[in-house]
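Here is a walk through one protein model, written to be read alongside the coordinates. Please keep the viewer open as you go.

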Amino acid sequence: MKKASLLFFLCCILLGLNAFAGNPVFLKTNNDPTNNTTNHKDTVKADLSKAIAVNDSLLKYPAYDVYTDFDTSVIHVVEKMDWANFKDSIHILLNDPEYCGYVHPFKGNVTSGFGFRHGQPHLGMDVKLEIGDSVHAAFEGKVRIAKKNKSYGNVVIIRHANGLETYYAHLSKLLVEAGQDVDAGTIIGLGGNTGHSFGSHLHFEVRYKGMPIDPNDVVNFAEFKLKEDTLVITKKTFEYWTKRSTYGSGNNGSYLVKTNGAKGKPAYVRYYNIRKGDTLGSIAKRYGTTVTMLCRMNGIKTTSNLPVGKKLKVG
Ligand SMILES: [Zn+2]
């Protein structure tokens, strides 16, 4: 009996110590970290001892109040949020003078926009560049990832004080390393064509708690500047994801059609079926093109009707 109560006492001490060691994890987050589930196949469960070590010093990391971890090995952050039922709004200051505002990563033309293509998600913006062009950090922050990845190629991911993370993929050369602090405008790598990429370009993503945000919501890619001073995240921001099943091929999303690939003609043309409420402006934005280009590709005028269900060439 004596032995049993001693054992019980020791267990209490151990549990108490454990809770104490783990305490900062719970103090610094409004999410229950035990709720985290994994959606991405390249995500592995972090080692608990490492997680505690990181969380003990999380105050040193940007947006420590938003994230439960600063993982320098796993590409995507996994912070489970029920965005479909999210009723609140999160205001993200983009041009905080304390953090030197915004610098456009690379001033080039957008060649592909954010959205679903042929049922496949394209969760960033593609910006044309040449191999060796300098790529700049969009905001001040701390590099979380700087390494080679199968699909992203050489990729840099920066966490910012405002809670956003920005991704810079397909680089030919990495010029920063994980844990390094960067300013808005720091050259973080050189443009390239690494990973799952056909032709040199920058694949740029903006994410919040691991969820991709349409970069068009943040940046005006035609003028290389911020769209607004503040980004307001609501459940609408992630509606594209909850509605993704409707974007498949043969449905209302865009789809590729093989052409005869005659000289100078692309082997595939991308079409989109016009939906109720669409405007040329909204379609152009979704596919990273302009109203003028849409009109030219389809031989229509800016004032033309957009009959629901009619297919429109979008790229
Ligand atoms: Zn891309």
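## The strands β7, β8 and β9

A hairpin of three residues links β7 to β8. What you are looking at is a predicted model, so please read it in that spirit. The two strands of this hairpin, β7 and β8, run antiparallel and are joined by seven bridges. One of the pairs to look for is K148, whose bridge partner in β8 is N154.

From β8 the pairing carries on to β9, again in the antiparallel sense, over five bridges. Here I158 stands opposite T166 in β9. The hairpin of β8 and β9 has four residues between the strands, and G163 takes a positive phi near 100 degrees in it.

How many of the seven residues of β8 are buried? Six are, so β8 is largely enclosed by the rest of the structure.

## The nonpolar cores

In soluble globular proteins, nonpolar side chains tend to be buried together. In this model the largest nonpolar core has 39 residues, and V155, V156, I157, Y168 and L171 touch the most other members. Two or more residues come from each of β5 (125-128), β7 (141-149), β8 (153-159), β9 (164-171), β13 (201-208) and β17 (230-233). Which element gives the largest share of this core? That is β9, with five residues.

L171 is a good residue to centre on. Beyond its neighbours within four places in sequence, L171 is in contact with V135, G153, N154, V155, V156, G189, L190, G191, G192 and T194. Apart from this core lies another, of six residues, including Y272, L280, L294 and L312.

## A three-stranded open sheet

Another place to visit is an open sheet of three strands, in the order β6-β12-β10, with antiparallel pairing. Why do β6 (134-136) and β10 (173-174) each have one side without a neighbour in the sheet? They stand at the edges, each with a single partner strand, so one side of each is left free of a neighbour there. Between β10 and β12 (residues 187-190) the antiparallel pairing runs over two bridges. In β12, L190 is the bridge partner of K173.

## Two residues with positive phi

Most residues other than glycine have a negative phi, and most peptide bonds are trans. With that in mind, two residues deserve a look. H170 is not a glycine, yet its phi is positive, near 70 degrees. Its place is in strand β9, and H170 counts as buried because it has 28 C-beta neighbours inside 10 Å.

K209 also has a positive phi, near 50 degrees, in a residue other than glycine. This lysine is found in the loop between β13 and β14 (211-213). Is K209 buried or exposed? With 20 other C-beta atoms within 10 Å, K209 is buried; the cut-off for that label is 20 or more.

## Loop residues and distant partners

D96 lies in the loop between β1 (90-93) and β2 (110-112). D96 is partly exposed, since 17 other C-beta atoms lie within 10 Å. D82, in the loop between α2 (48-56) and β1, is exposed, with 8 other C-beta atoms within 10 Å. Each has a partner that is far along the chain, as tabulated here.

| Residue pair | Separation in sequence | C-alpha to C-alpha distance |
|---|---|---|
| D96 and A161 | 65 residues | 9.7 Å |
| D82 and K235 | 153 residues | 9.0 Å |

## The protein as a whole, and how far to trust it

Stepping back, the secondary structure comes to five helices and 20 strands. Of the 315 residues, 30% count as buried. Among contacts between residues at least 6 apart in sequence, 64% join residues at least 24 apart.

The mean pLDDT is 79, and 72% of the residues reach 70 or more. Over residues 1-50 pLDDT stays under 50, and the model has 33 contacts beyond four places in sequence for this stretch. Residues 248-252 also have pLDDT below 50, with 10 contacts in the model beyond near neighbours in sequence. Where pLDDT is low, the predicted coordinates should not be read in detail.

Technical notes. Residues numbered from 1 in each chain as written. Predicted model: local features only at pLDDT ≥ 70, side-chain atom pairs only at ≥ 80, totals over all residues. Core = buried A, V, L, I, M, F, W, Y, C linked by C-beta atoms within 7 Å. Buried ≥ 20, exposed ≤ 12 C-beta atoms within 10 Å, placed from the backbone. Contact = placed C-beta atoms within 7 Å. Pairing = 2+ DSSP bridges. pLDDT = per-residue confidence, 0-100.
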